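Please open the model in your viewer and keep the sequence panel beside it. The tour below goes from one selection to the next and says what is to be found at each stop.

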Amino acid sequence: MVLCLITASSTFNLQPGRSRYLHKCMRIQNCGRYLMTHVDITRQKIIPSARVDTVGLEVFVVSDLHTEYAENMAWLKGLPKKGKKKEVLLVAGDVAETYEKFVLTMSLLKASFEHVFFVPGNHDLWLRREKENYIDSLQKLDKMLDACQRLGVETNPSVIDGLAIIPLFSWYHESFDREKDIPGIRIPSLELACKDFRACKWPDGLTNGDNSLATHFDAMNDKNKDTVQEMLASCNQIISFSHFIPRLELCPEKRMLFYPNLPKMIGSDFLEARIRYIHVARGNTNACHIFGHTHFCWDVLLDGIRYVQAPLAYPRERKRRMNGGEDWLPFCIYSKGELTENMSPCYWSDYYASNPRTPDVTELAPWVARFYRKL
């Protein structure tokens, strides 16, 4: 996701130590510059889990590859090639902005992993840089799914060595956000802040302004209803994944965000209902859902379901965040017949493990308040 925020006259200084991790795409519109106070910090590293010698099935996860960035494409080309063991990669959306780059990216991933699964993100459906004149973003999606079929990339539920993997199509809707808004400041509109409103094109009846896109994408999962039901009856271990987030608790509170209205364009209640149908009734310790979109590393257990985000994200974001990413992604979520240990450190999920979520508090955090003048 790209947010266009902050006027060209705005300046800011980030608080050392913690605010450097609150970095949701702070773009200065008119000149494209990024102003950041440099702070030297010691970063804990996530122990690399990728491609170690292990017997049996291993499942890796990654989201938000954004391979239109040369640094991200270089990372991708540096992945080890496919070995003899069974390795699965779940790609939770936002692969690339153009169809050409998408096909190249998925081809390279298939050269590195025996099985690759994919769900689309919002960037994958952008049209602004496409050479082909698509009727709308759904036509581009159809072409991407056809490419996946040719390349052997899975977009439907499948069982591998007893592990059920369920891709879930989704889109966000504004009513997903039910927490108190930040009063007394002028926040840019969603239409101004989110490029989806300009970079995507939809047929009549579908719009970002209501729930229509969210229900349309959710309905794409209905064709797999019988398959999923069979998996629930026969598989003890299930991993589902989506691009968008299913719960507000998987995003920092509004007062912590440089764009406080971010929760209005990140998640889906319809997605959450699917996940609960798949996982909650089972009551076991193997419930896991992978997501992407917000570019925050996350690993938390909520109501018996483990939620994980492992984003490659933008190069500038990896330089700022506490655990980088090039050396430990993709993250191994499943090995030796069970889910692996938690990804750590994850700044925000670690924060909420020790601090209660207080969305009724609407006073902006100091590092955010510097951007806004009170009305």
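What is the mean pLDDT of the protein chain, and what percentage of its residues reach 70 or more? This is a predicted model, and the mean pLDDT of the protein chain is 87, with 84% of its residues at 70 or more. Colour the chain by confidence and select residues 4-43, where the pLDDT is below 50, although this stretch has 98 contacts in the model beyond near neighbours in sequence. Where pLDDT is low, the predicted coordinates should not be read in detail.

**The whole chain**

Switch to a cartoon view, in which the secondary structure of the protein chain comes to 11 helices and 11 strands. Of the 375 residues in the protein chain, 58% are buried. Among contacts between residues at least 6 apart in sequence, 78% join residues at least 24 apart.

**Select V91**

V91 is found in strand 2, and with a relative accessible area of 0% it is buried. Which residues does V91 touch, not counting those up to four places away in sequence? Show side chains around V91 to find V62, L65, L109, V116, F117, F118, V119 and F241. For V62, a C-alpha to C-alpha distance gives 5.4 Å in space from V91, across 29 residues in sequence.

**Select R128 and E97**

The structure holds 23 salt bridges, and one of them is formed by R128 with E97, whose closest N and O atoms are 2.6 Å apart. This pair links distant parts of the chain, 31 residues apart, with R128 in the loop between strand 3 (115-118) and helix 3 (137-151) and E97 in the loop between strand 2 (87-91) and helix 2 (99-112). Is each partner buried or partly exposed? R128 has a relative accessible area of 40% and is therefore partly exposed, whereas E97, at 3% relative accessibility, counts as buried.

**Select R247**

Move next to the loop between strand 6 (237-241) and helix 8 (269-279), which is the place of R247. R247 is buried because its relative accessible area is 8%, under the 20% cut-off. Two polar contacts can be drawn from the side chain of R247: one of 2.9 Å to the side chain of E249, and one of 3.0 Å to the side chain of D303. Leaving aside neighbours within four places in sequence, R247 is in contact with F176, E272, R276, L302, D303 and Y307.

**Select helix 8 and the charged residues around it**

Two of those contacts of R247, E272 and R276, both lie in helix 8, 4 residues apart, or about one turn of the helix. R276 forms a salt bridge with E272, and the closest N and O atoms are 2.6 Å apart. R276 counts as partly exposed at 32% relative accessibility, while E272 counts as buried at 11%.

Add D299 and R306 to the selection, whose side chains meet in a salt bridge of 2.8 Å, N to O. D299 is buried, with a relative accessible area of 6%, and R306, at 6% relative accessibility, also counts as buried. Salt bridges that share partners join R247, E249, E272, R276 and D303 into one network, so display these five residues together when following the links.

**Select N208**

N208 is found in the loop between helix 5 (196-199) and helix 6 (212-219). Is N208 buried or exposed? With a relative accessible area of 9%, N208 is buried. A polar contact of 3.0 Å joins the side chains of N208 and W171. Not counting residues up to four places away in sequence, N208 touches W171, Y172, D196, F197, W202 and L213.

**Last stop: a cavity**

How many cavities of 30 Å³ or more does a search of the whole structure find? The search finds 2, and about 30 Å³ of space lies in the second largest cavity. To locate the second largest cavity, select the residues that line it, namely E179, K180, I182, E253, K254, R255, P359 and V361.

Methods:
Residues are numbered from 1 along each chain as its sequence is written. This is a predicted model: local features need pLDDT of at least 70, side-chain atom pairs count only at pLDDT 80 or more; totals for chains, interfaces and linings use all residues. Side-chain values use heavy atoms; hydrogens and water are left out. Helices (H or I, at least four residues) and strands (E, at least two) are DSSP runs, numbered from the N terminus. Buried means under 20% relative accessible area, exposed over 50%, partly exposed in between (1.4 Å probe, protein chains only). A polar contact is a pair of N or O atoms within 3.5 Å; within protein, one must be able to donate a hydrogen and the other to accept it, and residues adjacent in sequence count only if both atoms are side-chain atoms. Contact means heavy atoms within 4.5 Å. A salt bridge is a side-chain nitrogen of Lys or Arg within 4 Å of a carboxyl oxygen of Asp or Glu. pLDDT is the predictor's confidence in each residue, from 0 to 100. On a 1 Å grid over the protein atoms alone, a cavity is a set of points where a 1.4 Å probe fits but cannot get out, and a pocket is an open set with protein on both sides within 12 Å along at least five of seven lines; lining residues have an atom within 4 Å of a point. Grid points are joined across faces, edges and corners, and a volume is the space filled by probe spheres set on the points.
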